[in-house]
Amino acid sequence: MQHWLLGMALLCAGVAAGAQPGPSGQIARLNQQQGTVSVALAGQDRWQAARQGGTLSVGDRVWTDRNARAEFYIGPVALRLGSQTQVEFSGLDANFVDITTTQGELQLRVRDGLAGQRLKIHTGNLHAVITAPGEYRFAADTATSTTWVAVTSGQLTLYGKNGASQLLTDRQQTTVSGRDLTAVATTRVQNAGFDAWVAERNRIEERSSGTARFGPPGVPVPSAVLAVPPPQVRYEPDYRAQQEQQLAWQREQDWRQQQEQEEFRRQEDLRREQEWRQQEDWRQQREWQQRRDWRQQRAEQDRWQQQQQQQQALRQQQEMQLRAAQAQAMQQQQLLQQQQRAAQQAAQAQQQQLQARQQQEMQLRALQMQQQVQAQQAAQQNALRQAQEAQLRAIQQQQRGMAATQQQQQGQSEDLKRLWTSPDSR
């Protein structure tokens, strides 16, 4: 009883120690690799070749080259990376084991619980929280900002921005674009090589009876792998043989039960694989139907856009013709206004010319009247002058007549004098 109590105490202490993050922050161990697998330690940019069996801690990054694959153990979780895939072990606490993938394809097989912890997978446009044992697939493409998520079995929740979320369960898959969890219809190329490798690793893990486990200090470790010696129970000599027979019978029953469970798991995996293939066939048919519908819809949209473009071109042509007609009408109106203004100006000029002609005629009449008045005045002056001249001539004639009379009288007086005088006196 003392040994048994001591073993239980050591077991509880080991589980309690494994439930707390270790000082080194170790998360995963590289269990299997094919091809070139590189590792960059936390805070470093230098890549180095991965070492099988090596451990990875928080902040470490992994890159698988072309045609390379890698398998990591995170406690009871097997993480498989496909070709050209980059993964970063970005966080570890009491609630989550954070894994970030920015490119490539990965598969997770969660066989047991994580003792209160959950897996959180970050991609370029979302993060997924795995809350139940099962098998999960992710394919991230940062170039198109899309993530393909498929749940063969189990349960996970997708989270986007603004509180958007989506629950996926057994045999469900989706392709999400952007950070709003917008589902898009895309055709995903099957990676047959990676699928076959994952199936082979599952078979190998099943044949190993679940003994493949890796429990770093940061991940809870199942009690099956704790290095605690089993309690030594002592039996009385009389009951030892009977107890050994019971133990042998119990081991045989456990072995048969284990074989039945393995057979059941194989049948269940085969059924899931058949259902998965049926779902894939149905998905391919649905995607083909969606592509055909999309082509028809795209053709309708193209025709509608072409009609809209033709109508828009016709409307533009009509608008151009209307603007041309309006511009022509405006030009004609402006020309008519110019002609009217020119006619008005010509009429004004004619009126001005007529007024000027009338004024000239009036001035000419006034000048003529003035000339007539002047002529009349000149005639009157001539008549007066003539009258004066006639009067003057009359006066002159009268004067000459008087002078002649006087001379005649004087001559007569002289003749009288001569008569009255002597010849000597003459």
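This passage walks through the overall make-up of the protein, its main nonpolar core and the surroundings of A140. The model is a predicted one, and its secondary structure comes to 3 helices and 17 strands. Of the 426 residues in the protein, 27% are buried. The exposed surface adds up to about 28,500 Å², with carbon and sulfur atoms supplying 49% of that area. As for how the chain meets itself, take the contacts between residues at least 6 apart in sequence: 55% of these join residues at least 24 apart.

Next comes the core. In soluble globular proteins, nonpolar side chains tend to be buried together. Here, the largest nonpolar core contains 36 residues, and F72, F89, F138 and L156 are the ones with the most contacts inside it. The top contributor to this core is strand β9, spanning residues 96-110, which puts in 5 residues. Once neighbours within four places in sequence are set aside, F72 is in contact with a string of residues, including A28, L30, L56, V62, V77, L79 and L81. R29 and N31 are also among the contacts of F72, as is F89, itself one of the core residues with the most contacts.

Then there is A140, which sits in strand β12, residues 134-141. A140 counts as buried because its relative accessibility is 11%, below the 20% cut-off. Leaving out residues up to four places away in sequence, A140 touches T101, T102, Q103 and G104, along with T123, T146 and T147. A140 and Q86 are separated by 54 residues in sequence, while their C-alpha atoms lie 9.9 Å apart in space.

Terms used. Residues numbered from 1 in each chain as written. Predicted model: local features only at pLDDT ≥ 70, side-chain atom pairs only at ≥ 80, totals over all residues. Heavy atoms only, no water. Helix = DSSP H or I, 4+ residues; strand = E, 2+ residues; numbered from the N terminus. Buried < 20%, exposed > 50% of the residue type's maximum accessible area, 1.4 Å probe, protein only. Contact = heavy atoms within 4.5 Å. Areas by Shrake-Rupley, 256 points an atom, 1.4 Å probe, with all protein chains shown as cover. Core = buried A, V, L, I, M, F, W, Y, C linked by side-chain atoms within 4.5 Å.
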